[in-house]
Amino acid sequence: ATSPESRPFEADVAKLLHLMVHSVYSDKDVFLRELVSNAADACEKLRFEAISRPELLADDPKPRITLTADAANRRLSIEDNGVGMSGEEMVEALGTIARSGTKAFIERVEAAQGKEGAHLIGQFGVGFYSAFMVAERVEVVSRRAGADEPSIWSSDGQGTFTVATADPADAPARGTRVTLHLLEDAASYAEAWTLERAVKAQSGHVPAPVYLVEAPGVEPRALSDGAALWLKPKADISKEDYAEFYRGLGAFDEPAVTTHFRAEGRHEYVALAFTPSAAPYDLFDTERSGRMKLYVKRVFITDDAELLPRYLRFVRGLVDSSDLPLNVSREMIQESPVLAAIRKGVTNRVLGDLEKLADNDAESFAKVWEAFGAVVKEGIYEDFERRDQLLGLARFRTTASGEGFRTLKQYLADLKDNQTAIYYLAGAEPERLKASPHLEGFRARGVEVLLLSDAIDSFWTSSVQGFEGKPFKSVTQGAADLSLIAKPEAAEDASAAEATPAVTAFIDFAKATLGEKVSDVRASDRLTESPVCLVAPDHGPDRQLEKILAGSGR
Ligand code: ADP
Ligand code: MG
């Protein structure tokens, strides 16, 4: 065997380890979930590789994950007979964190204080490194499927690790064994009852059976059967089963909506999709891909098949198809009409379930909208076919919404006489928008105005024709025609946009002074308290879109 060579982790990794170990993050069980899910992933990868190379399965075709408790030595091992890793793959996979958001994540955790930082770590899903929350040393012995020579990776999580060839007699015949030398205060993870409790709570539905060896040399005992939850009849699945499975996908919250159905007929597939109740930290990361896995007849194929449109990228889950061939290629996936049909079917169901939630439990839906509304609104802009449906689902802060939300249907039901448009003001957060002088004339007439605070709002409002026949109109745009809408009696004489000689003289003065900088100066109904405001031309971008296009953001 070669002598181990010491290598540094990527700088980010050392930092992350420090953060994790020293965070107030208390739910240490998470490490076990991460390691079991890696073991299950490895079994699924092997199943996939074995489609074209069945010899990889050798005489051990059934996936298996075995936990061995060794209380006497304060040790725990997690072993799988999955795809395994070569020495090089271990350097690559365990010495770097491949996720693009790592750096941004660390910055946010460092910026956040106490509880919130801990919460972020939870959302991130720290993967393999979470082992160092409970271990002073971690050893990984692995033999790649189809290769002879095993390798061993070892680290105390303090900034360096080593990789060397391993003693074949002490390595799994195929797959990976992760051994944790537990910290004193994590000694209970070497005890059977702790492991049994944690596996049942977190990993009961991973798609490979989990066995427990209560002490070295004892016969293994099954903790879970590895049956795919999504293939069970809905009636046999409890809310808690669903929630556990959802968290097994890497989530830390409760699902707000669970969509589970079997499509039959022209295309046969099962879909299980969860709408989260809390937003992940990287929701707006442009690199962030969807979180829907594609299976074919229970075999995991890929997690970047774009099974849902981008504006539903917060939904987690899977589709298991019976129609696609197991050796489906990336190109095939992209062009497959089967996939297009699945995408359509799953999108419709997820949106349908969101509509049901909106109808039956407005409060829960408001939370979902709070977390993901800004993303769903991208669909109003992008998904022409479902535009009206998405506009119907959308919730808005308005000058009449108070702390709650309003729908466009509610807005239209309260239109004033002669009001022909849905008015909006786009830009900063609602509180700041409310102070805008542009609203004065609308407020005086009791005309409701949508307060749009997300960057995407400026885009869809400029491309959408309208809703139920009423166009969207920015209050910053030209002469939004307020003169036809009556003011309440009392306010009648407060102002009148009449061209008295004094006003005409002022307008001439303003035009002469501002020259080319403005295209027009005119008297208007829109103000009641402020003397002047800037408006955009009647046609073309409104003020906020103009700012975004000019690259100045808000
Ligand atoms: P993720 O699972 O999200 O990729 P992890 O930090 O959990 O991130 O794991 C990093 C990588 O290490 C995995 O992508 C995989 O390549 C490798 N790995 C971890 N555990 C195993 C295992 N038991 N068998 C094979 N590869 C593994
Ligand atoms: Mg993992």
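Let me begin with L318, which sits in strand β14, residues 316-321, where strands are DSSP runs of E at least two residues long, helices are runs of H or I of at least four, and both are numbered from the N terminus. Before going further, I should say that this is a predicted model, in which local features need pLDDT of at least 70 and side-chain atom pairs count only at pLDDT 80 or more, while totals for chains, interfaces and linings use all residues. Residues are numbered from 1 along each chain as its sequence is written, and chains are lettered from A and ligands numbered from 1 in the order in which they are written.

Back to L318, then. L318 counts as buried because 23 C-beta neighbours lie inside 10 Å; the rule is that 20 or more other C-beta atoms within 10 Å of a residue's own make it buried, 12 or fewer make it exposed, and anything in between makes it partly exposed, with C-beta atoms placed from the backbone. Not counting residues up to four places away in sequence, L318 touches W230, L272, M292, K293 and Y295, a contact being two C-beta atoms, placed from the backbone, within 7 Å. L308 is 10 residues from L318 along the chain, and their C-alpha atoms are separated by 10 Å.

In the loop between β13 (299-302) and β14 we find E306, which is not a glycine and yet has a positive phi of about 50 degrees. Most residues other than glycine have a negative phi. E306 counts as partly exposed, because it has 16 C-beta neighbours inside 10 Å.

R74 also has a positive phi of about 50 degrees without being a glycine, and its place is the loop between β2 (65-70) and β3 (75-80). With 19 C-beta neighbours inside 10 Å, R74 is therefore classed as partly exposed. In strand β3 itself we meet L76, which is buried because 29 C-beta neighbours lie inside 10 Å. If we leave aside neighbours within four places in sequence, the contacts of L76 are L67, A69, L180, L182, Y189 and A190.

Now to the helices. How do α2 and α6 pack? The axes of α2 and α6 (residues 192-202) are 10 Å apart and meet at an angle of about 65 degrees, the axes being lines fitted to C-alpha atoms over the stretch in contact, with angles running from 0 to 180 degrees between N-to-C directions. That makes α2 roughly perpendicular to α6, a word that covers 65 to 115 degrees. On the α2 side the contact is made by L32, R33 and V36, and on the α6 side by A198, V199 and Q202.

Helix α2 brings us to ligand 1, since α2 (30-52) and α3 (87-95) each supply at least two residues of its shell. The largest share, 5 residues, comes from α2. Which residues come nearest to ligand 1? Of the 15 residues around the ligand, they are N38, A42, A93, G127 and F128, where being around it requires a C-beta atom, placed from the backbone, within 6 Å.

To close with the whole protein, its secondary structure comes to 17 helices and 18 strands, and buried residues make up 37% of its 554 residues. Among contacts between residues at least 6 apart in sequence, 73% join residues at least 24 apart.

Note on methods
Parallel < 35°, antiparallel > 145°, perpendicular 65-115°, else oblique.
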